[in-house]
Amino acid sequence: MNSALDALQADSIPEPSTASADPDLILTVDPNLSQNDLWQRIRNGYALRQLDSPLVASHEQWYAKRPDYMQRMTERGQRYLHFIVEEVERRGMPSEIALLPMIESAFNPRGYSTASASGIWQFIPSTGKHFGMQQNWWYDGRRNIISATLGALDYLQKLHGMFGDWELALAAYNWGEGAVQRALAHNRKLGLPENYASLKMPSETRNYVPKLQAIKNIISDPANFGLALHPVPNQPYFVAVSTSNNIDMELAAGLADVTLDEFRALNPAHNRPVILQENSEVLLLPVDKVETFRANLANNNLPLVSWQAYKSKKGEHLNGLATRFGLSPETLRSINSLSTQTKVSTGQMLLVPLNGKNTDNEFEAFNTHPVLANQLLKNAIRYTVRKGDTLSAISRLYKVSVEKLQEWNNNIKTLNPGQHIFIVKLDKTPRLSRADKNRGKLGMASKKTKKFMYKTQRIAQYP
């Protein structure tokens, strides 16, 4: 696994692979492919036995009736597919294996099953630990795109070595190797065939390979099913950047000039809004944002972390802690994944603003635009544009002119949801009164501060 990570940490995007290239390189482009279409590359590598059964037809029909679902799934998958295909090919595995996350999680990196399986490859906790994926309050390696992919392919290769058959290996991935071994032994004892189709197995496992075959058939000829695949270029989507310091997730996204949602999609293993270096050797960033991130990080003069771990003391309650750290109770619960029924116990670990400072500090300018550094300094907030926002509406909310907003943001003229802009704090900017802070809830705030509280709480919220 480490050699694969090392290959991802190159200072620049790797050159196309050659015969003498390091066999552990992952982010490479096959020079023999003349077309920039990853779907065709996958089709070219099909190697599993074709299935033709009523179960396959049933799953084809299910997917064909849900074009929106297919679109969302393939849009999410575009971030990860090239990396997975590269690693599948490097190991000499059938390219259909790269489509398995569609069956497991629909490429949702935060997918979580009733069996406590997590990540795009849906590892249960024990199997994840067996393949080196650490899981703690801060971090869940089963959701790490790199480690989970390498672990899943290691496991599938091991299963294929055990059973000598890809269908049985896939059944074992879904059902468990011990269960498949027992089913084979049962058939052997009765003189029955020892293959996937002949085993007595749960319905989910019985449908597992037919479902993959249905996806394979749709990828082969989407038009035949009335579908259109989201285009995926045959080139790396992300590259890994080494981390040497703890850093706020929102700050890292800002330094890379990507939305927080995009950053989380590439780095979904982090459970909290601060990334601890010991839990992550690398950050994944879009290929075209790596140099932006490095330049902005080098020029950044602001603290990289605005959160800290706090161990609760005897007699402390969540509402009181929220007030102490300048948070609403709702925000403190959300940051720490606590339900409304959960009470804080003595010695419980909580994530709170660093040094007890009010969370307004979290919204100081992130130096994503070096030209703004001298102008903004610690005198600005970073605002996330939401649907329906306009420059004039934001200027009225913060009592500044549209011209000033444009001056602070490189003469910006249009806004898009998820975009970040900077607003220099002026004396007219509404402040929260002590009473409002103590009340905590938006609905109890004075009319003067409701809008401002809504904006700042929305930015602070961490799902």
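**A quick tour of a predicted model**

The protein chain has an accessible surface of about 21,800 Å², and 50% of that belongs to carbon and sulfur atoms. Keep in mind that this is a predicted model. Of the 463 residues in the protein chain, 51% are buried. The chain holds 22 helices and 8 strands. Now the contacts. Take those between residues at least 6 apart in sequence: 68% of them join residues at least 24 apart.

Let's go to a strand. How many residues of strand β4 are buried? The strand runs over residues 282-286, and 5 of the 5 are buried, so the rest of the structure largely encloses β4. In a regular strand, side chains alternate between the two faces of the sheet. Here both faces are covered. Val282, Leu284 and Pro286 are buried on one side. Leu283 and Leu285 are buried on the other. Strand β1, residues 238-242, pairs with β4. The sense is antiparallel, and there are 5 bridges. One position to find on screen: Ala240 has Leu284 of β4 as its bridge partner.

Next, a helix. Helix α9 covers residues 166-175. Buried residues number 9 of the 10, so this helix too is largely enclosed by the rest of the structure. The buried ones are Trp166, Glu167, Leu168, Ala169, Leu170, Ala171, Ala172, Tyr173 and Asn174. What do they pack against? Their partners are α6 (100-104), α8, α10 (177-190), α11 (203-206) and α12 (208-220).

Look at the ends of α9 as well. Asp165 caps the N-terminal end. One of its side-chain oxygens lies 2.9 Å from the backbone nitrogen of Glu167. After the helix comes Gly176, with a positive phi near 110 degrees.

Now a single residue, Arg143. Where is it found? Arg143 is in the loop between α7 (125-130) and α8 (145-163). Is Arg143 buried or exposed? Its relative accessible area is 10%, and the cut-off for buried is under 20%, so Arg143 counts as buried. Its side chain has polar partners. A polar atom of that side chain lies 2.8 Å from the backbone oxygen of Pro268. The side chains of Arg143 and Asn271 share a polar contact of 2.3 Å. Leaving out residues up to four places away in sequence, Arg143 touches Pro109, Arg110, Ser118, Gly119, Pro268, Ala269, His270 and Asn271.

On to the rings. A pair of aromatic rings is described by the distance of the centres and the angle of the planes. The whole structure has 11 aromatic pairs. Take Trp62 and Tyr63. Their ring centres are 5.2 Å apart and their planes stand at 85 degrees, so this pair is edge-to-face. Trp62 is partly exposed, at 37% relative accessible area. Tyr63 is buried, at 4%. Then take Trp137 and Trp138. Here the centres are 5.0 Å apart and the planes are at 90 degrees, so the pair is edge-to-face. Trp137 is partly exposed at 24% relative accessibility, while Trp138 is buried at 16%.

There is a cluster, too. Ring pairs link Phe123, Phe131, Tyr155 and Tyr173. We met Tyr173 earlier, among the buried residues of α9.

Last stop: side chains over ring faces. Arg206 lies over the face of Tyr196, 5.9 Å from the ring centre. Lys216 lies over the face of Tyr46, 4.9 Å from the ring centre.

Terms used
Residues numbered from 1 in each chain as written. Predicted model: local features only at pLDDT ≥ 70, side-chain atom pairs only at ≥ 80, totals over all residues. Heavy atoms only, no water. Buried < 20%, exposed > 50% of the residue type's maximum accessible area, 1.4 Å probe, protein only. Helix = DSSP H or I, 4+ residues; strand = E, 2+ residues; numbered from the N terminus. Pairing = 2+ DSSP bridges. Contact = heavy atoms within 4.5 Å. Areas by Shrake-Rupley, 256 points an atom, 1.4 Å probe, with all protein chains shown as cover. Polar contact = N/O pair within 3.5 Å; in protein donor to acceptor, adjacent residues only side chain to side chain. Phe/Tyr/Trp six-rings, centres within 6.5 Å; stacked < 30°, edge-to-face > 60°. Lys NZ or Arg CZ within 6 Å of the ring centre and 35° of its normal.
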